[in-house]
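Visitor: I'd like a close look at a single part of this one. Could you pick a helix and walk me through how it sits among its surroundings?

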Amino acid sequence: MFERLTKDARAVIEGAVEQARSGGARTVDAEHVLLALLGSEGGRASFALSALGLGESRDAVREAVGEARRRAGLTRAEADALAGLGIDVGEIVARVEEAHGVGAMTGDAGSPGRWSGGRPRFGRGAKDVLERALRVALGRGERSVGGEHLLLALTVLPGVAGEVLADFGVTFEEVTRVCPPAHSARSAEK
């Protein structure tokens, strides 16, 4: 799989590893891929994010991801479903953080860089992003997986990253509109 990643996509994955490490996370998750995409420059994903107005909203996106991580990675839809059962996730977070400190429910180790063997571990969410990105690339008739495929994968997978992107108007359809498959862009130029 990694041999299919473009230079841009490799940089995003390296950025996701650094996001996880600097945040003290035990594993690299889909949210780390999103945060790395926000910081990437010069690739098709960066172009798509800017074209869709996320350039000005980077801090708000980072804040939304941070809030979801404080809720133990629950999406707002999941928190709302629990509220329907009489479970106040906000209250649970507040009580846990009161007893154990802010961010206690993030699942982070609390000390940056403490991974077994010094190598990053990819969580299910990050693995799903990589797998879906490959499927998206192949479905678009492309041989390599670029940053735009990682972004497209994030938009269709369930979870915090997709929810946050959707909240800011970044959907599969919108990314495809501003970042069509490379072969169709070449066909249109001829």
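Guide: What follows is a walk along one helix, with two short detours at the end. Bear in mind that this is a predicted model.

Let's take α1, which runs over residues 7-22. Does the length add up? With 16 residues at 1.5 Å each, the helix should span 22 Å, and its end C-alpha atoms are indeed 22 Å apart, so the two figures agree.

Now, which residues of α1 are buried? They are A9, V12, I13, A16, V17 and A20. Look down the axis of α1 and those buried residues fall within an arc of 140°, so they line one face of the helix. The general rule behind that kind of spacing is that an α-helix has 3.6 residues a turn, so residues three or four places apart point the same way. Over on the other side of α1 you'll find K7 and E14, and these are exposed.

What lies over the buried residues of α1? The cover includes α2 (30-39), α7 (124-139) and α8 (147-156).

Zoom in on I13, which belongs to α1. Its relative accessibility is 7%, so I13 counts as buried; the cut-off for that is under 20%. Setting aside residues up to four places away in sequence, I13 touches F2, L5, F122, L130 and L150. You can also use I13 as a reference point for V28: the two are 15 residues apart in sequence, with 9.2 Å between their C-alpha atoms. And just after α1 ends, G24 takes a positive phi of about 75°.

First detour: α8, one of the helices covering the buried residues of α1, also packs against α9 (residues 160-167). The angle there is about 95° and the axes are 7 Å apart, which makes α8 roughly perpendicular to α9. On the α8 side the contact is made by L151, L154 and T155, and on the α9 side by A161, G162 and L165.

Second detour: S46, in helix α3 (residues 44-51). Is S46 buried or exposed? At 10% relative accessibility, S46 counts as buried. The side chain of S46 reaches the backbone oxygen of S40 at 3.3 Å. Leaving out neighbours within four places in sequence, S46 is in contact with S40, E41 and R58.

So, back to where we began: α1 has one face lined by its buried residues, with K7 and E14 exposed on the other side.

Definitions and conventions. Residues numbered from 1 in each chain as written. Predicted model: local features only at pLDDT ≥ 70, side-chain atom pairs only at ≥ 80, totals over all residues. Heavy atoms only, no water. Helix = DSSP H or I, 4+ residues; strand = E, 2+ residues; numbered from the N terminus. Buried < 20%, exposed > 50% of the residue type's maximum accessible area, 1.4 Å probe, protein only. Polar contact = N/O pair within 3.5 Å; in protein donor to acceptor, adjacent residues only side chain to side chain. Contact = heavy atoms within 4.5 Å. Expected span 1.5 Å × (residues − 1). Arc of directions from axis to C-beta. Axes fitted to C-alpha atoms, helices over the stretch in contact; angles between N-to-C directions. Parallel < 35°, antiparallel > 145°, perpendicular 65-115°, else oblique.
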